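New notebook page. I want to look through this structure bit by bit and jot down what turns up.

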Amino acid sequence: RVNGVLKSIVLSGNELGAEGWCAIFAALRDNKENKIESWDLSGQISINAEVAKVLAEYVSVSGVLTELRLGANKIGDEGAKA
């Protein structure tokens with residue numbers, strides 16, 4: 001099911017874990033109809049290199065994402081390469 005209204009998500013400080021984040025970004029990557037323009041993912045210590053790779057896949061196919069906040073994460077050098 002597609003939500004054509006949701007455009008901004010603030011999930012800073014949540015603890016979904018790497019598995020949860022990978023599931024969210026993989027689902028969004030595969031859902032070309034999502035309209036999310038803005039994500040605030042700051043303070044997500046579980047966003048690491050593994051999650052960054054799936055996030056990068058989602059970002060690469062999103063035609064509407066214009067803002068992505070990733071401050072205070074554990075992406076590291078390997079994740080930054082994604």
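What pattern does the protein follow, read along the sequence? I read it off as β-α-β-α-β-α. I listed three helices and three strands; helices (H or I, at least four residues) and strands (E, at least two) are DSSP runs, numbered from the N terminus.

Notes to self: this is a predicted model, where local features need pLDDT of at least 70 and side-chain atom pairs count only at pLDDT 80 or more, while totals for chains, interfaces and linings use all residues. Residues are numbered from 1 along each chain as its sequence is written, and side-chain values use heavy atoms, with hydrogens and water left out.

**Overall shape**

I looked up the radius of gyration, which is taken over C-alpha atoms. It comes out at 12 Å, close to the 12 Å from the globule rule for 82 residues, so the protein is as compact as a globular protein of that length. That rule is 2.2 Å times the number of residues to the power 0.38. The C-alpha trace spans about 35 × 20 × 20 Å along its principal axes. Of the 82 residues, 33% count as buried (buried is under 20% relative accessible area, exposed over 50%, partly exposed in between, with a 1.4 Å probe and protein chains only).

**The sheet**

In what order do the three strands sit in the sheet? I found E1-E2-E3, an open sheet with parallel pairing (two strands pair if DSSP finds at least two bridges between them). Strand E1 (8-10) and strand E3 (67-69) stand at the edges with a single partner strand each, so each has one side without a neighbour in the sheet. E2 and E3 pair over three bridges, and Trp39 has Leu68 in E3 as its bridge partner.

**The core**

Next I went for the largest nonpolar core, which has 18 residues. Such a core is a set of buried Ala, Val, Leu, Ile, Met, Phe, Trp, Tyr and Cys residues joined through side-chain atoms within 4.5 Å. Trp21, Phe25, Trp39, Val51 and Tyr58 have the most contacts inside it. Helix H1 (17-30) and helix H2 (49-61) each supply at least two of its residues, and H1 gives the largest share, six.

I checked two residues beyond their neighbours up to four places away in sequence. Val51 touches Ala18, Trp21, Cys22, Phe25 and Ser46 (contact means heavy atoms within 4.5 Å). Ala52, found in helix H2, is in contact with Ile75, Gly79 and Ala82. Ala52 is buried, at a relative accessible area of 7%.

**The rings**

How many aromatic pairs does a search of the whole structure find? I got three. Rings of Phe, Tyr and Trp (its six-membered ring) pair if their centres lie within 6.5 Å; planes under 30 degrees apart are stacked, over 60 edge-to-face, the rest tilted.

Trp21 and Phe25 are stacked, at 5.6 Å centre to centre with 15 degrees between the planes. They are four residues apart in helix H1, about one helical turn. Phe25 and Trp39 have centres 5.4 Å apart and planes at 65 degrees, so I noted that pair as edge-to-face. This pair links distant parts of the chain, with Phe25 in helix H1 and Trp39 in strand E2 (residues 38-40), 14 residues apart. Phe25 is buried at 0% relative accessibility, and Trp39 is buried at 1%. Last note: ring pairs link Trp21, Phe25, Trp39 and Tyr58 into a cluster.
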